[in-house]
Amino acid sequence: MNRLNQLFNTKKQDLLSIYFTAGYPALNTTVDIAEALEKAGADFLEVGFPYSDPVADGPTIQNSSQTALENGMTLKVLFEELKELRKRVSIPIILMGYVNPMVQYGVERFCQTAAEVGVDGVIVPDLPMYEYENMYKDTFAKYGLSNIFLVTPQTSEERIRKIDSLSNSFIYLLSSSSITGGNLNVSNQIEDYYKRVKAMDLKNPLIIGFGISNNATYKKACQYANGAIVGSVFVKYLGSRPDYLQGIGDFVKTIK
Amino acid sequence: MKYGVNEQGYYGDFGGAYIPEMLYPNVEELRQQYQTILNDDSFKAEFNQLLKDYVGRPSPLYHAKRYSEKYGANIFLKREDLNHTGSHKINNAIGQILLAERLGKKRIIAETGAGQHGVATATVCALKGIECVVYMGEIDIQRQAPNVARMKMLGAKVVPATSGSKTLKDATNEAMRDWINNPVDTHYIIGSVVGPYPYPEMVAQFQSIISLETKKQLLEQTGRELPDYVLACVGGGSNAMGMFYHFLDDEGVKLIAVEAAGKGVESGHSAATTFLGKEGVLHGSRTILMQTEDGQVVEPYSISAGLDYPGIGPQHAHLYKIKRAEYVSITDEESLQAGLLLSQTEGIIPAIESAHAFAYLEKMQFKKDDNVVICLSGRGDKDLDTYIKYFGY
């Protein structure tokens with residue numbers, strides 16, 4: 001059982017995950033940031049591996065990816081860095097990125113190395129369900145990695161059920177059909193969507209992401225799901241001050 | 001069709017729909033409906049009527065006498081430059097606006113490099129009274145000012161893409177983001193045979209009118225339906241796919257796709273995708289693309305804004321891999337010289353994109369009775385500034 005499953009077995013509510021881009025604002029700080037986030041009370045983490053053309057991301061994460069690439073971040077560098085990870089960090093770690101860098105690295109080699117350095121799951125927004133099921137599912141399973149799927153307000157019930165059947169950690173519920181970095185707007189329509197998904201009684205926990213930027217939106221998300229993911233606002237924070245490591249505790253307090 | 005797409009949207013190893021979940025409903029809606037709509041009689045009637053009365057089709061197949069003498073073969077030019085708006089792009093824009101209308105969409109977005117696709121999209125949106133937003137790289141906006149003015153005059157909003165290389169690739173990213181944020185009421189008119197399935201197939205079908213007409217016209221003019229050679233330039237590859245489409249299964253017809261070598265294939269300033277690229281995923285399909293070892297997309301370069309795209313359509317990637325078509329490349333300089341030669345030999349100023357295809361004639365050997373068709377995909381008005389600067393007029 002990987003760390004994600006252990007976490008979801010023991011904690012059912014108010015989970016907090018934080019996203020940050022590896023190599024941003026500086027190279028080789030991934031483990032330091034992860035350690036600080038764990039101490040500050042994050043329940044699990046998403047580490048973005050940068051890509052030149054991140055179509056699902058808004059300007060904040062895109063800019064952080066571009067800076068990370070300029071800093072020299074690659075999957076190879078990231079995996080080297082993560083070799084230190086499990087000496088200092090025990091919460092689950094998910095890698096998030098796009099399919100092309102993963103394909104170029106080699107999907108089997110990617111899964112094997114990720115598992116070796118202590119990664120628990122992967123989010124690849126442009127890896128379609130069809131390709132995952134037919135080409136990569138067995139490889140992910142062989143190395144005990146979870147593949148996490150996204151669900152949007154437009155995703156059909158039939159497709160959500162299929163995603164649930166292919167998932168073995170959690171389902172990433174998008175607060176709206178949008179790129180990252182927007183504002184969570186909990187209209188009646190969105191509430192209906194959360195309620196609709198919750199009422200489907202899925203086997204996997206639900207974590208809400210996109211547009212979670214403060215305590216109010218985090219609490220709201222936790223009313224409908226098992227927890228929430230904070231991304232762009234944390235990336236913005238990292239870029240805003242040179243002593244970002246010291247302030248991570250205070251940052252997390254503003255959310256939780 | 002032997003070289004066509006399978007049910008999952010693949011051409012051999014290439015194609016598919018590598019899209020985030022946010023785009024799945026839009027792309028799935030298209031996949032389920034496009035073929036039914038395209039085969040609907042009222043769609044076909046309106047499409048064909050607009051191609052005839054609005055675009056001015058069939059475009060002529062012109063037997064270029066002086067070119068034929070120069071190169072020692074029968075050289076025919078498929079005159080897509082004579083279409084309304086000045087290029088082949090209008091064929092696809094008309095097809096997709098009719099499709100969008102039938103899907104009940106109220107807003108159109110598009111991306112453009114050289115501006116020809118943007119102008120074609122703005123044109124059909126004006127024709128149908130539909131809101132139009134065109135994404136264009138900041139650098140392309142500067143180098144293609146006349147087309148930007150045209151789009152604005154036609155009522156479109158032109159939004160600069162300021163990320164990355166500020167060219168077509170980035171305009172495509174911005175258009176995809178817009179589509180993600182507006183999934184219900186918006187249709188994205190992709191301008192080339194790229195993107196997630198069904199776009200490459202759908203755009204190829206709309207452009208296949210080029211080879212359909214060519215076959216008929218060749219038969220009338222030469223008594224032979226099949227040429228020996230077919231040439232077309234390739235950025236994403238929509239004019240080439242339309243030019244190849246109805247010849248794909250005629251194995252005797254040699255298909256030649258001409259890419260932009262820029263300042264030279266090895267110069268670091270090139271868009272010669274098949275020479276420099278390898279298999280990967282970009283903008284929704286598995287194809288051949290220029291990238292680093294780490295899978296980051298490499299910025300392409302060509303003097304022609306329409307050809308500096310880091311990938312090619314997945315069907316092209318397939319035709320390249322199985323060697324059904326030959327992929328070659330031509331430098332900036334060779335293309336500009338070819339543009340001048342066509343101007344002064346046949347009285348036609350071609351788009352620099354098309355001039356790449358013409359330049360390759362210099363490197364070919366013909367038999368006297370060879371029939372050769374070149375797609376003259378667009379006219380050179382938009383490129384006059386570049387020609388002026390290069391030749392010092």
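The questions and answers below go through a predicted model with chains A and B.

Biologist: How many residues does each chain bring to the contact between chain B and chain A?
Modeller: Take the two sides in turn. Chain B puts in 36 residues. On the other side, chain A puts in 38 residues.

Biologist: How much area do chain B and chain A bury between them?
Modeller: Start with its make-up: carbon and sulfur atoms carry 51% of the buried area. In chain B, the residues that lose the most area to chain A are Glu21(B), Met22(B) and Arg177(B). Together these three make up 24% of what that side buries. The total for chain B and chain A is about 2,800 Å².

Biologist: Which residue of chain A meets Lys169(B) in a salt bridge?
Modeller: The rule finds two salt bridges across the interface of chain B and chain A. In one of them, the N to O distance is 2.9 Å, inside the 4 Å cut-off. The partner of Lys169(B) there is Asp53(A).

Biologist: How many residue pairs are in polar contact between chain B and chain A?
Modeller: Only pairs with both residues at pLDDT 80 or more enter this count. It comes to 20 residue pairs.

Biologist: Which element of chain B gives the most to the side that touches chain A?
Modeller: Four elements of chain B each supply at least two residues: α1 (24-39), α8 (168-181), β11 (278-282) and β12 (285-289). By class, that side has 16 nonpolar, eleven polar and nine charged residues. The element giving the most, with seven residues, is α8(B).

Biologist: What is the radius of gyration of chain A, and what does it say about the fold?
Modeller: Chain A has 13 helices and nine strands. Its C-alpha trace spans about 45 × 40 × 35 Å along the principal axes. A compact globule of 256 residues would come near 18 Å, so chain A agrees with that rule at 17 Å.

Biologist: What share of the residues of chain A count as buried?
Modeller: Look at the contacts beside the burial. Among contacts in chain A between residues at least 6 apart in sequence, 76% join residues at least 24 apart. Of the 256 residues of chain A, the buried share is 62%.

Biologist: Which elements of chain A do the buried residues of α7(A) pack against?
Modeller: Helix α7 of chain A covers residues 107-116. Val107(A), Phe110(A), Cys111(A), Thr113(A) and Ala114(A) are buried there. After the helix comes Gly118(A), with a positive phi near 95°. The packing partners of the buried residues are α4 (75-82), β3 (93-96), α6 (99-105), β4 (121-123) and α8 (129-142).

Biologist: Is Ser175(A) buried or exposed?
Modeller: Ser175(A) sits in the loop between β7 (171-174) and α10 (188-199) of chain A. Its side chain reaches the backbone oxygen of Phe210(A) at 2.3 Å. The relative accessibility of Ser175(A) is 3%, under the 20% cut-off, so the residue counts as buried.

Biologist: What relative accessible area does Gly86(B) have?
Modeller: Gly86(B) lies in the loop between β4 (74-79) and α4 (89-102) of chain B. Beyond residues up to four places away in sequence, Gly86(B) touches Glu80(B), Asp81(B), Gln116(B), Ser377(B), Gly378(B) and Arg379(B). Gly86(B) is buried, and its relative accessible area is 0%.

Biologist: How far apart in space are Gly86(B) and Gly104(B)?
Modeller: In sequence, 18 residues separate Gly86(B) and Gly104(B). C-alpha to C-alpha, the distance between them is 28 Å.

Conventions: Residues numbered from 1 in each chain as written. Chains lettered and ligands numbered in written order. Predicted model: local features only at pLDDT ≥ 70, side-chain atom pairs only at ≥ 80, totals over all residues. Heavy atoms only, no water. Contact = heavy atoms within 4.5 Å. Buried area = accessible area lost by both parts, 1.4 Å probe. Salt bridge = Lys/Arg side-chain N within 4 Å of Asp/Glu carboxyl O. Polar contact = N/O pair within 3.5 Å; in protein donor to acceptor, adjacent residues only side chain to side chain. Nonpolar A, V, L, I, M, F, W, Y, C, P; charged D, E, K, R; others polar. Rg over C-alpha atoms; globule rule 2.2 N^0.38 Å. Buried < 20%, exposed > 50% of the residue type's maximum accessible area, 1.4 Å probe, protein only.
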